Amino acid sequence: MKYISTRGKIEPIGFKDAVMMGLATDGGLILPESIPQIGRETLAAWAKLPYRELAFNVISLFATDIPKEDLKALIDRSYATFEHQETTPVVKKDGVYILELFHGPTFAFKDVALQLLGNLFEYLLKERGEKMNILGATSGDTGSAAIAGVRGKDNINIFILHPHLKTSPIQALQMTTVLDDNVHNVAVKGTFDDCQDIVKQLFNDLEFKKEYSLGAVNSINWARVLAQVVYYFYAWGRLPEQESVVFSVPTGNFGDIFAGYVAKRMGLPVEKLLLATNENNILTRFVAKGDYSLGEVVQTVSPSMDIQLASNLERYLYYLFNENPARVREAFAELQKSGKIVFSEAEVKRVQEEFLTCSVDEQMTLETIASFNKETGYLLDPHTAVGVRGALECAKGHPRVICLATAHPAKFGDAVEKAIGTPPPLPPALAALAGKESRCEIMEADREKVKRFVQGNA
Ligand SMILES: *Cc1c(COP(=O)(O)O)cnc(C)c1O
């Protein structure tokens with residue numbers, strides 16, 4: 001299996017190089033040259049497999065340059081850290097299925113991808129005799145999942161910047177109580193934007209980037225999307241009957257729902273993908289009206305979806321534009337110039353054949369947490385509630401709607417308490433954080449200081 005760029009300006013590369021490249025060197029995103037087609041018989045066989053075996057079957061179709069035994073070991077190691085023996089179990093509540101993706105080490109779905117990515121990085125760095133210094137900024141969730149993915153791994157250091165005292169206390173503790181030598185937390189006296197600016201500037205410092213082999217773990221890495229494709233097949237296989245389904249996906253960067261789109265293209269019988277957004281609804285406008293024009297980011301109770309520019313959308317656009325990289329380049333040049341992309345009527349119609357969409361505001365989100373809890377006794381986190389509300393609004397009555405549960409409610413206790421009046425019970429691993437030793441460097445929002453800190457600890 002070879003990989004190409006959505007912008008069409010790189011030579012085809014193998015899976016291993018695609019993982020190490022991250023963002024394509026022509027500024028595009030990496031995609032497989034062709035998507036493997038899964039026939040009905042294979043689908044039926046996959047429906048019965050335990051998670052890790054299924055993951056091996058799916059991933060080995062794409063990672064053809066890693067020996068099968070090695071790949072199997074990498075997958076086993078990645079999902080051994082999940083607390084639930086099913087890895088991503090499915091439960092049925094109030095007429096909808098809930099795919100619980102939050103049983104990993106940091107209680108959010110990003111673990112599914114980042115546990116595998118961490119192990120892949122370690123494996124590939126060892127093979128190449130290289131080292132990597134991962135540098136990233138986080139407003140909360142991604143940072144802890146990235147740290148959990150690479151803690152204690154050989155030849156990797158990770159430096160994560162978060163805004164000092166501006167994440168939730170649990171989110172900060174999830175990062176700073178990881179004491180492995182290769183983990184470095186920096187609390188920046190400033191905002192998330194300050195953190196992100198510093199990281200961007202350091203990546204643009206090409207000499208520094210090269211000398212210190214800076215690496216990123218953002219959601220544009222193909223391996224992250226690939227790891228997520230697995231649970232769409234898994235969830236479908238857990239239903240009582242293997243018929244066509246609707247998936248409802250709370251969406252920010254379009255990574256998770258794009259994995260569902262890949263599963264659909266592989267042959268999984270997905271009737272529609274329901275793209276649910278919070279008040280940051282650029283993607284809902286895109287699906288509903290073909291309107292993709294950038295707005296301002298607003299803060300919501302589902303902060304991991306507070307995004308305007310959905311970086312993974314480019315992957316979908318490549319297919320929407322009939323795999324024509326010239327049209328992708330044109331569209332992104334247009335976006336840069338005018339802040340929007342214009343779509344033809346035929347293109348909008350195609351989008352609507354594949355996606356449903358719904359935007360859910362804060363009040364609806366909190367109402368949904370409360371009413372769902374009252375009717376079923378089940379507690380939704382605010383991100384999951386956006387998807388569940390979307391399902392109840394625009395896929396009502398469909399017998400097989402699967403809602404992706406992207407975080408454990410205890411991670412977003414304030415919003416849950418606002419909805420139901422009491423804070424959610426903490427799982428023991430989260431409750432234990434408060435008493436643990438922590439380590440964190442508090443620093444001015446100063447690029448040079450962060451740079452020296454990286455140099456001193458790399
Ligand atoms: C990252 C995240 C999302 C959004 O996923 P995308 O792949 O960015 O669309 C939704 N919910 C939670 C809890 C997340 O952490």
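A residue counts as buried when its relative accessible area is under 20%. C358, at 9% relative accessibility, is therefore buried. The model discussed here is predicted, and C358 is a good place to enter it.

Does burial come with a bond? What matters is the distance between sulfurs: a disulfide needs a pair of cysteine sulfur atoms within 2.5 Å. By this rule the model has zero disulfides. C358 is in none, as its nearest cysteine sulfur, that of C394, is 4.5 Å away. C195 is buried as well, with 0% relative accessibility. Its sulfur has the one in C440 as its closest cysteine sulfur, but the 10 Å between them is too far for a bond.

Now turn to the ligand. Its shell holds 15 residues. The closest are K110, G252, N253, D256 and T406. By class, the shell divides into seven polar, five nonpolar and three charged residues.

Which atoms lie by the oxygen atoms of the ligand? G252 offers a polar backbone atom, 2.8 Å from a ligand oxygen. F254 also uses its backbone: an N or O atom there is 3.1 Å from an oxygen atom of the ligand. S304 brings in a side chain instead, with a polar atom 3.5 Å from a ligand oxygen. The ligand on its own has 390 Å² of accessible area, and the protein covers 96% of it.

Definitions and conventions
Residues numbered from 1 in each chain as written. Predicted model: local features only at pLDDT ≥ 70, side-chain atom pairs only at ≥ 80, totals over all residues. Heavy atoms only, no water. Near = heavy atom within 4 Å. Polar contact = N/O pair within 3.5 Å; in protein donor to acceptor, adjacent residues only side chain to side chain. Areas by Shrake-Rupley, 256 points an atom, 1.4 Å probe, with all protein chains shown as cover. Nonpolar A, V, L, I, M, F, W, Y, C, P; charged D, E, K, R; others polar. Buried < 20%, exposed > 50% of the residue type's maximum accessible area, 1.4 Å probe, protein only.
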